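Subject: The structure you asked about

Hi,

Here is the structure I promised to pass on. Have a look at it first, and then read my notes underneath.

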Amino acid sequence: MRVSADLQARSIRALLRYQIEGASFLKRRLEDDLKLLDKLTGGDEFVDAFDVFVNFVQNATSDYANEVGKFASIGAKLASETAGRVRKEAETTVDDMAAATLLA
């Protein structure tokens with residue numbers, strides 16, 4: 001079965017979307033890591049380190065769960081598009097084979 005250039009381009013676009021989303025997510029998480037350090041070490045006021053850390057972990061857990069959902073959504077969309085295109089290409093191949101048989 002042939003793999004079309006369009007299918008390859010869609011796959012590359014999806015891969016780039018994954019990378020952009022991943023880089024954006026990592027940037028946000030690293031910024032939150034810096035904020036955590038600033039809260040724990042900065043300033044002269046008393047900070048309840050346990051509360052700050054628990055809040056950080058809760059937010060991070062939620063962020064990671066949301067990010068997994070985004071990646072799953074992108075992957076499901078790509079899989080659906082790929083299946084549709086492969087089906088169309090298979091139908092075209094069968095039609096071409098049938099036409100070739102009639103001409104032979």
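Below is what I found, going from the overall shape to single side chains.

Please keep in mind that this is a predicted model. The fold has few parts: two helices and zero strands. Helix 1 covers residues 5–41, and helix 2 covers residues 49–103. Along its principal axes, the C-alpha trace spans about 90 × 20 × 10 Å. The radius of gyration points to the same kind of picture: the chain has 24 Å, where a compact globule of 104 residues would have a value near 13 Å.

Is helix 2 as long as its residue count suggests? Let me put that another way: what span should its 55 residues give, and how far apart are its end C-alpha atoms? At 1.5 Å a residue the expected span is 81 Å, and the end C-alpha atoms lie 80 Å apart, so the two values agree.

Now to how the helices meet. Of the 104 residues in the chain, 14% count as buried. In helix 2 the buried residues are Val52, Phe56, Ala60, Glu67, Ile74, Leu78, Gly84 and Glu89, and they pack against helix 1. The contact pattern is worth a glance too: among contacts between residues at least 6 apart in sequence, 81% join residues at least 24 apart. As for the outside, the accessible surface of the chain comes to about 7900 Å², and 64% of that belongs to carbon and sulfur atoms.

One spot on that surface may catch your eye. Ile12, Leu16 and Ile20 make a nonpolar surface patch of about 310 Å². Leucine 16 lies in helix 1 and is partly exposed, because its relative accessible area of 43% falls between the 20% and 50% cut-offs.

Then there are the charges. Side chains of opposite charge can pair when their charged atoms come close, and this structure holds eight salt bridges. One of them joins the side chains of arginine 29 and aspartate 63, at 2.6 Å from N to O. This pair links distant parts of the chain, with arginine 29 in helix 1 and aspartate 63 in helix 2, 34 residues apart. Are its two partners buried or exposed? Arginine 29 counts as buried, because its relative accessibility of 4% is under 20%. Aspartate 63, with a relative accessible area of 27%, is partly exposed.

Other pairs stay within one helix. Lysine 35 and aspartate 32 meet in a salt bridge at 4.0 Å, N to O; both lie in helix 1, three residues apart, about one turn of the helix. Aspartate 32 counts as partly exposed at 24% relative accessibility. In helix 2, glutamate 91 and arginine 87 are four residues apart, again about one turn, and their closest N and O atoms are 3.5 Å apart. Glutamate 91 is partly exposed at 41% relative accessibility, and arginine 87 is partly exposed at 46%. An α-helix has 3.6 residues a turn, so residues three or four places apart point the same way.

Finally, Glu21, Arg28, Glu67 and Lys70 are linked in a network of salt bridges. Glu67 also appears among the buried residues of helix 2.

Best wishes

Terms used:
Residues are numbered from 1 along each chain as its sequence is written. This is a predicted model: local features need pLDDT of at least 70, side-chain atom pairs count only at pLDDT 80 or more; totals for chains, interfaces and linings use all residues. Side-chain values use heavy atoms; hydrogens and water are left out. Patches are made of residues with over 30% relative accessible area and no salt bridge: like charges are joined within 9 Å, nonpolar side chains (Val, Leu, Ile, Met, Phe, Trp, Tyr) within 5 Å. Accessible areas come from the Shrake-Rupley method with a 1.4 Å probe; for residues, only the protein chains shown count as cover. Buried means under 20% relative accessible area, exposed over 50%, partly exposed in between (1.4 Å probe, protein chains only). The radius of gyration is taken over C-alpha atoms; the globule rule is 2.2 Å times the number of residues to the power 0.38. Contact means heavy atoms within 4.5 Å. The expected span of a helix is 1.5 Å times one less than its number of residues.
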